[in-house]
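Subject: Handover of a structure and findings

Dear colleague,

Please find below the structure that I am handing over to you. A description of what was found in it follows.

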Amino acid sequence: MARQRLIIEMGMGVDQHGQDPTIAAARAVRNAIANNALPGVWEVAGLSDPNNMIVEVEVAVPYPEQVRNEEVLAVLPFGRKSLNVKLGGMVVQGRAIAELNDKNDEMLIAVAAVTVLIENE
């Protein structure tokens, strides 16, 4: 079966306190899909079940080896989901606040691309 891309959505996410790359990555994915509707999945592609669409996520974030993939993919409500995490994003010097459980002064910024595809015969 051939795959056909319907949409690519981009987003950015930040963890200002806590230094958790999973939080930054999940926020980037949530930002990417936050303002989208996909009527073409049903009206043009003819899918009857939104879980039949393929959702490929690529995230660039500092400390990619610390990302908990399942938590990032949980942001997506539907689809056959996959995640590719790579080194990227930014580390910005912030201010550690003990009451917010900061480990250091770093703020982590992640970027994400979410691609929605369908399979055609």
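For the account of the pocket, the classes of residue are as follows: Ala, Val, Leu, Ile, Met, Phe, Trp, Tyr, Cys and Pro count as nonpolar, Asp, Glu, Lys and Arg as charged, and the others, Gly among them, as polar. Please note that the model is a predicted one.

The pocket

The largest pocket has a volume of about 230 Å³. It is lined by 13 residues, and those closest to its centre are Ile33, Leu38, Met53, Pro77 and Phe78. By class, the lining consists of eleven nonpolar residues, one polar residue and one charged residue. The five residues closest to the centre, Ile33, Leu38, Met53, Pro77 and Phe78, are nonpolar, because Ile, Leu, Met, Pro and Phe are among the residue types counted in that class.

Overall organisation

The protein contains three helices and five strands. Read from the N terminus, these elements follow the order β-α-α-β-α-β-β-β. The C-alpha trace spans about 55 × 25 × 20 Å along its principal axes. Of the 121 residues, 37% count as buried. The accessible surface comes to about 7,000 Å², and carbon and sulfur atoms account for 51% of that surface. Among contacts with a separation of 6 or more, 76% are between residues 24 or more positions apart.

Strand pairing

Strand β5 (residues 106-120) takes part in each of the pairings described here. With strand β1 (residues 2-15), β5 forms 13 bridges, and the two strands run antiparallel. Within this pairing, Ile7 has Val116 of β5 as its bridge partner. Strand β2 also pairs with β5 in the antiparallel sense, over seven bridges. Here Val55 has Val116 of β5 as its bridge partner. Val116 is thus a bridge partner of Ile7 and of Val55. Strand β4 (residues 90-93) is joined to β5 by four bridges, again antiparallel. In that pairing, Gln93 is matched with Glu106 of β5.

Val57 in strand β2

Is Val57 buried or exposed? Val57, which lies in strand β2 (residues 54-61), has a relative accessible area of 4% and is therefore buried, the cut-off for that class being under 20%. Leaving out residues up to four places away in sequence, Val57 touches Val29, Leu73, Leu76, Ser82, Leu83, Asn84, Ala113 and Val114. For one of these contacts, Ala113, the separation from Val57 is 56 residues in sequence, while the C-alpha atoms are 5.9 Å apart in space.

The N terminus and Asp20

Met1 is found in the segment before β1. With a relative accessibility of 69%, Met1 counts as exposed, because the exposed class begins over 50%. Apart from residues up to four places away in sequence, Met1 touches Glu119, Asn120 and Glu121. Met1 and Arg68 are 67 residues apart in sequence, and their C-alpha atoms are 31 Å apart in space.

Arg68 appears again among the contacts of Asp20, which also touches Asp15 and Leu108 when neighbours within four places in sequence are left aside. Asp20 is placed in the loop between β1 and α1 (21-33). Asp20 is buried, with a relative accessible area of 16%.

Two residues with positive phi

Which values of phi do Tyr63 and Asn101 have? Tyr63 has a positive phi of about 55°, although it is not a glycine. Tyr63 is located in the loop between β2 and α3 (69-73). Its relative accessibility of 29% makes Tyr63 partly exposed, because this value falls between the buried limit of 20% and the exposed limit of 50%.

For Asn101, likewise a residue other than glycine, phi is positive and near 60°. Asn101 is in the loop between β4 and β5. At 62% relative accessibility, Asn101 counts as exposed.

Yours sincerely

Methods
Residues are numbered from 1 along each chain as its sequence is written. This is a predicted model: local features need pLDDT of at least 70, side-chain atom pairs count only at pLDDT 80 or more; totals for chains, interfaces and linings use all residues. Side-chain values use heavy atoms; hydrogens and water are left out. On a 1 Å grid over the protein atoms alone, a cavity is a set of points where a 1.4 Å probe fits but cannot get out, and a pocket is an open set with protein on both sides within 12 Å along at least five of seven lines; lining residues have an atom within 4 Å of a point. Grid points are joined across faces, edges and corners, and a volume is the space filled by probe spheres set on the points. Buried means under 20% relative accessible area, exposed over 50%, partly exposed in between (1.4 Å probe, protein chains only). Contact means heavy atoms within 4.5 Å. Accessible areas come from the Shrake-Rupley method with a 1.4 Å probe; for residues, only the protein chains shown count as cover. Two strands pair if DSSP finds at least two bridges between them.
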